[in-house]
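Colleague: I'm new to this one and would like a close look at a single part, the largest pocket. Could you take me through what lines that pocket, and then through the residues and ring pairs you would look at next?

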Amino acid sequence: MPDLIGTWRLVGAVAHDSEGRPLPLPYGPEAIGRIVFTTDRRMMAALSDGRANLPAGTKREYGGYCGDYTFDGTTLTTAVDAAPNPALVGTVQTRGVRFEGERMILRPPPREIEGAIHHRELTWERISRI
C-alpha cells in the first residue's frame, strides 16, 4: 500500500461539471496548500487561493481541517475534530486516492457550488517525510 506519511504540497487543482466541462479552478489560478500525515494517524490540510490581491468581487476560497485518518490504499477517511468551518467539525470526510508516479491525486465527493455540481481533483507532491 502507498505511504502517505509526510508533508505534501498542492501542485494542481482542477474541476469539471457532470458533463466533463471545465469549471473555474479550485482555489484560483495560484492555489496553495499543504497536507501533513503523521505516523500516529493524524492529518491536517489547509488550502487557499494564493493570490495576494483578488479581482474586485472575488471571494477568497479557503478550506482546511484536521483529525484522525484511515487509508486503505484507495480511500482516505478523516474524522474531523477541528476546522475553520464549524459545520465540518464532527463529520467524516472521504477522499478517493490514486497515485501517478510520485504524485497523489485526491478526489473529494462531488458538491454543488453556485448551482453547478463540481467534481474536483487535487494533485499533491510530497516535500518531506516524517
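Modeller: Here is a walk through the pocket, followed by the aromatic rings and a few single residues. Keep in mind that this is a predicted model.

Let's start with the space itself. The largest pocket holds about 1100 Å³. Its lining is made up of 38 residues, and the ones nearest the centre are Y27, E61, R111, I113 and R120. If you want to find the walls on your screen, look for the strands β3 (42-49), β4 (62-71), β6 (92-100), β8 (111-113) and β9 (116-128), since each of them gives at least two residues to the lining. Strand β9 has the largest share, with five residues. As for character, the lining splits into 22 nonpolar residues, nine charged ones and seven polar ones.

Now zoom in on two of those central residues, Y27 and R120. The charged end of R120 sits over the ring of Y27, and the distance to the ring's centre is 5.5 Å.

While you are at β9, have a look at H118, which lies in that strand. H118 counts as buried because its relative accessibility is 9%, and the cut-off for buried is under 20%. Setting aside neighbours within four places in sequence, H118 is in contact with A15, H16, L23, P109, P110, R111 and I113. Two names there should ring a bell: R111 and I113 are among the residues nearest the pocket's centre.

Next, the rings. The model has two aromatic pairs. One is W8 with F99, a tilted pair with 6.5 Å from centre to centre and 55 degrees between the planes. W8 belongs to strand β1 and F99 to strand β6, so this pair ties together parts that are 91 residues apart in sequence. The partners sit in rather unlike surroundings: W8 is buried, at a relative accessible area of 1%, whereas F99 is partly exposed, at 27%.

The other pair is F37 with Y69, and it is edge-to-face, with the centres 5.1 Å apart and 75 degrees between the planes. It also links distant parts of the chain, as F37 is in strand β2 (residues 31-37) and Y69 is in strand β4, 32 residues apart. Here F37 is buried with a relative accessible area of 0%, and Y69 is buried too, with 3%.

Back in strand β1 (residues 6-16), you will find T7. T7 is buried, with a relative accessible area of 16%. What does T7 touch, once residues up to four places away in sequence are left out? Its contacts are R34, I35 and V36, along with E125, R126, I127 and S128. You can match some of these to strands you have already met: residues 31-37 make up β2, and residues 116-128 make up β9.

One last stop is G73, which has its place in the loop between β4 and β5 (75-82). Although it is in a loop, G73 is buried, with a relative accessible area of 17%. Its C-alpha atom is 8.7 Å from that of D3, and those two residues are 70 residues apart along the chain.

If you then return to the pocket, begin with Y27 and R120, and follow β9 along to H118.

Notes: Residues numbered from 1 in each chain as written. Predicted model: local features only at pLDDT ≥ 70, side-chain atom pairs only at ≥ 80, totals over all residues. Heavy atoms only, no water. Helix = DSSP H or I, 4+ residues; strand = E, 2+ residues; numbered from the N terminus. Buried < 20%, exposed > 50% of the residue type's maximum accessible area, 1.4 Å probe, protein only. Contact = heavy atoms within 4.5 Å. 1 Å grid on protein atoms, 1.4 Å probe; cavity = no way out; pocket = protein on both sides within 12 Å on 5 of 7 lines; lining within 4 Å. Points joined across faces, edges and corners; volume = space filled by probe spheres on them. Nonpolar A, V, L, I, M, F, W, Y, C, P; charged D, E, K, R; others polar. Phe/Tyr/Trp six-rings, centres within 6.5 Å; stacked < 30°, edge-to-face > 60°. Lys NZ or Arg CZ within 6 Å of the ring centre and 35° of its normal.
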